[in-house]
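Biologist: I am new to this structure and would like a close look at a single part of it. Could you take me through the second largest pocket, and then through the ring contacts and one residue elsewhere in the chain?

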Amino acid sequence: MKRKLLLLVCTLFMMGALLPARAGNAAEGWLLTVNASDNTIPDSFKQTEKGRFGIALTNSGTAAFAGYLAWLLLDPETDELVYTDNDFAYMDGAPIQPGEEAILAMPYEMINVPAGTYKLSICAVELEGPVGDQHITAYTPLPMTDGTTGKTVQVVETPRPKVHFVERAVRFTAKLPGNENVPVLWWGNRYIIIAELSVTGGDFAGNLSAVLLKPDETGDGYVIQHRSDPSLLSLNEGETGECHFSGSIDATLQPGMYMFAFVDKNDQFILSENGKPIQVSVGYPLSIGSNSQLPTTIKQNEDGTLVLAVNSHCNEDITNAQLYMAFADGQKGKFRLMGSKDFSVQAQGSMQMNIPYNIGDFPAGQAEMLIGYLVDGEFFIVPIEPSLIPAHPVTVEANEGPKMSYIAAESTLPTQVTQHSGFTAEVVLRNEGAPFDRDVHLGFVNNAGEVVYAGTATSVTLQRDETKTVTLSGTMDMELTQPRPVAYFVRILYSDNSGWKTIAPDDGLMDDVLIVLPDPATNAVLSWLTADTQLPDAFVIGQSHTLSLPVANTGKADYTGEVGIILTQDGTSYPASTRLGETTFAAESTTTLTGMLTLPADMEPGTYRMRIVVQTEGGDRFFIPTEDLLYDVPVTVTKPATGLSGTQARTVLYPNPATDHVTVASGEGIVQVCAYTVTGALMARETADGATQCTLRTDAWPQGVYVLEITTPQGVHTQRLVKE
C-alpha cells in the first residue's frame with residue numbers, strides 16, 4: 001500500500017544534509033542493502049517526468065522490514081538534500097523478511113527539478129506519531145553493494161511548448177475613444193475576451209487565464225491584479241486556435257490603466273508575439289439601461305434631449321459626478337463633447353436623467369454616440385445595455401443652414417485674463433452652409449457646460465463658402481470669491497431662440513482653456529513657489545518627510561485660511577495629509593510654512609497628485625496653484641528600499657522650449673510619457689516600450705507651460721516643458 005505523508009520541516013532539512021550512512025536499524029534488527037547491479041534506477045530523468053523505477057533490496061538483519069522507503073536527490077559534492085517528492089513506497093503488506101531479497105517499485109515525480117547532476121539515494125523513513133499525523137524524524141540512507149550510498153543520475157531539461165497570443169486578434173467589448181489600441185474592461189460588469197493563441201515547440205493542453213498586471217517594485221516584472229475564469233486550450237504544434245475568457249471586475253480593482261496578458265496554471269506569463277503584454281483600461285462602474293431613449297438619427301444644428309437610465313454597479317454611492325454625451329467620428333478617431341449634466345446615484349441603484357444637446361455642424365454620415373464619465377481629465381465610456389456595447393450608432397443628417405466653424409490654426413484665443421481687465425481674440429470664421437448673420441461673442445463655459453460669461457457682441461455676416469477674420473472682445477467683470485485662478489473653457493458663441501450655440505473649431509477639438517486671475521488690486525492672489533519649495537517628488541511609505549512651503553500673496557488684500565497638503569489618486573484623497581496650521585497671508589508678501597509628513601504603513605505605492613489645500617473658517621475649500629498655475633503636481637509613493645543598488649539615469653527633454661516637437665530621453669528606458677496642461681487635462685500619451693527616446697508632436701498645442709509625466713522601469717519622473 002502506498003500512502004502520501006505530510007512532509008514537515010525537521011532537523012535534517014534545517015541542516016540541509018542527511019545523517020551519516022548506516023546499514024540499517026540495529027534497534028529493530030533489519031539491515032537493508034540496495035543491490036547495485038540488479039536495480040533499475042534510470043541514469044537520467046526528464047523534467048516534469050512521472051513514473052516508477054525498480055530497486056532490488058536484501059535484508060541481512062534478524063527482523064523483517066515493514067516500513068516506508070523514499071528516494072532523495074542529493075548534491076553529489078555535499079550530500080545536501082535538493083529534492084524529494086514525498087511519494088513513498090510502503091512495505092506493510094509485504095515486509096522483507098530476514099535473508100530475503102525483494103524487488104520494489106518506487107514511484108517518482110520530477111516536477112520542477114532544475115536540470116543537473118545529482119546523487120539519488122534510497123532511504124528508510126523513520127516516523128513518529130499516530131497514523132495520519134506522522135512526523136518524519138530521520139531518513140536512513142541504505143548502502144549499495146558497490147560500496148556507495150547512492151547512484152549518480154542526470155535530470156535533463158524537457159522542452160516545453162511555447163504559447164503566445166496574436167495581439168491584433170484579441171477582441172474586447174470596447175476600446176478607448178480616440179485610441180483604438182487601448183481596450184477597455186468595464187469595472188463591475190461581466191466581460192468576455194476572445195483571443196487567438198498559437199503554440200510552437202510541441203503540443204499544448206491546459207488551462208489558461210487572462211490577467212491584468214501592474215509593474216512590481218523593481219520595475220522588471222509584474223504583479224497579477226486580476227485574473228479571469230480559467231479556459232482550456234488544446235493545440236497541436238504549429239496550430240493557432242481561438243480561446244474565450246470571461247470574468248467580472250469587482251470593487252477590489254481600482255479603475256485605471258493596466259497591462260494585459262495570459263498565464264498558465266503555474267502563473268507563467270503568455271505574452272504577445274513581440275514578447276510583451278498590452279495596455280488595457282479598466283472603466284467605471286456605470287451602464288446605460290436598455291429603457292433609455294437613444295435616437296437613431298440626429299440632424300445637424302437641431303436641439304435634442306437624451307433620456308438616460310443610469311445604472312450603478314458600484315458598492316458605494318457615486319456623488320458629485322458628471323455624465324457627458326459625446327459624438328465620435330470613427331474614421332478620424334476623434335470625439336466631441338456635446339452636453340453634460342451633474343448626477344448622483346446610490347450604490348447598486350438606478351436613476352433617470354435628461355441631457356440636452358446640439359451636435360452643431362458635426363459631419364453628416366455615420367457616427368457613434370458615446371456616453372461618458374469624465375474623471376481627472378480621462379473620458380471613460382459607459383457601456384449601453386443589454387449587450388454592453390461601448391457606443392450607440394446614429395446617422396447624422398445634413399440640415400441646410402449655416403455651417404460655422406473657425407480655423408483653429410489661424411485663430412488666437414486668450415489663455416489668461418485678469419478680473420476686471422479687457423481681452424480680445426482674432427478668430428478666422430468660415431461658413432460652409434446657408435448665409436449667417438448674427439452677433440458673435442467670445443464666451444466662457446464652466447465644467448457643467450453652462451455659459452457663465454459672454455463678451456461684447458460683434459455682428460458677423462458670412463455667405464456660403466466665405467471666410468472672414470473678426471476681432472472678438474470683452475471685459476472680465478465676473479466676481480471671484482476665492483484668491484486663486486479659476487479655469488473655464490473659452491468658446492465662440494452665438495444665440496438663437498433655443499439659447500447659446502457654439503461655433504466649433506475645424507479640427508473638431510474644443511479643449512481651449514482660459515485661466516481667470518483674481519484682480520490683485522482688490523483681492524488676495526495666492527500661489528506656492530515650486531522653485532523655493534522643499535517638497536519631495538517621491539515619498540517613502542512609513543518615513544517622515546520635512547516640508548517647507550513658501551506661499552506668495554501678490555494681491556493687495558490679506559487672506560486667512562488653514563493650509564494642508566494632501567495626496568490624491570483617482571479623485572480620492574488619501575490619509576497622507578498634513579496640516580501646516582492656520583495662517584494669515586499678508587498682502588504683497590511671501591509666507592513660508594513648515595511641517596512633517598509621514599505616510600501610513602498601509603498606503604499603496606503608486607503615482608499620486610500632490611495638492612496644497614486652503615480651508616477658510618466659513619468652510620470654503622480650494623487648491624492653491626503654483627506660480628505656473630498648476631493645481632497639482634505628480635509624486636511617486638514607494639515602499640522602503642529593499643537593498644537594490646544602482647543609480648538612475650538622467651531624464652532630459654529637448655528642445656525646451658519646444659515649437660513643433662519635444663524628445664524625451666532616459667537611459668533607464670521609457671515605458672510611457674504623458675503630457676498635461678496646467679489644469680491637469682491630458683494633452684498626449686505616448687508609449688515607448690522601453691526605448692531610450694520618445695518624441696511627442698507639440699505643433700497643435702497652445703503656447704504655455706506643460707508637465708510631462710515620464711514613466712520608466714525605475715519609477716515616474718516629471719519635467720516641465722514650455723511650448724512657444
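Modeller: What follows begins with the pocket, moves on to the aromatic rings, and ends with a single serine.

Please keep in mind throughout that this is a predicted model.

The second largest pocket encloses about 720 Å³ of space, and its lining is made up of 26 residues, with Arg160, Pro161, Phe204, Asp264 and Asn266 lying nearest the centre. Three strands, β12 (162-165), β16 (204-215) and β21 (269-270), each contribute at least two residues to this lining, and β16 gives the largest share of it, namely four residues. Sorted by class, the lining residues of this pocket are nine nonpolar, ten polar and seven charged.

Turning to the rings, the structure contains 15 aromatic pairs. One of them joins Trp30 and Phe65 in an edge-to-face arrangement, with 4.8 Å from centre to centre and 70° between the planes. This pair links distant parts of the chain, since Trp30 belongs to strand β2 (residues 30-34) while Phe65 sits in the loop between β4 (49-59) and β5 (68-74), 35 residues apart. Both Trp30 and Phe65 are buried. The pair of Phe260 and Phe262 is edge-to-face as well, because the ring centres are 5.1 Å apart and the planes meet at 75°. With a relative accessibility of 1%, Phe260 counts as buried, and Phe262, at 0% relative accessibility, counts as buried too. Elsewhere, Phe45, Phe53 and Tyr108 come together in one aromatic cluster.

Some rings also have a charged residue over the face: Lys214 lies over the face of Tyr258, at 4.3 Å from the ring centre, and Arg609 is placed over the face of Tyr676, at 5.1 Å from the ring centre.

The last stop is Ser340, which is found in strand β27 (residues 334-345). Why is Ser340 counted as buried? Its relative accessibility is 15%, and Ser340 is therefore classed as buried, given that the term applies to values under 20%. Leaving aside residues up to four places away in sequence, Ser340 touches Leu323, Tyr324, Ile355, Asn447, Ala448 and Gly449. Gln322 stands 18 residues from Ser340 along the chain, yet the C-alpha atoms of these two residues are separated by 6.6 Å.

Conventions: Residues numbered from 1 in each chain as written. Predicted model: local features only at pLDDT ≥ 70, side-chain atom pairs only at ≥ 80, totals over all residues. Heavy atoms only, no water. Buried < 20%, exposed > 50% of the residue type's maximum accessible area, 1.4 Å probe, protein only. Contact = heavy atoms within 4.5 Å. 1 Å grid on protein atoms, 1.4 Å probe; cavity = no way out; pocket = protein on both sides within 12 Å on 5 of 7 lines; lining within 4 Å. Points joined across faces, edges and corners; volume = space filled by probe spheres on them. Nonpolar A, V, L, I, M, F, W, Y, C, P; charged D, E, K, R; others polar. Phe/Tyr/Trp six-rings, centres within 6.5 Å; stacked < 30°, edge-to-face > 60°. Lys NZ or Arg CZ within 6 Å of the ring centre and 35° of its normal.
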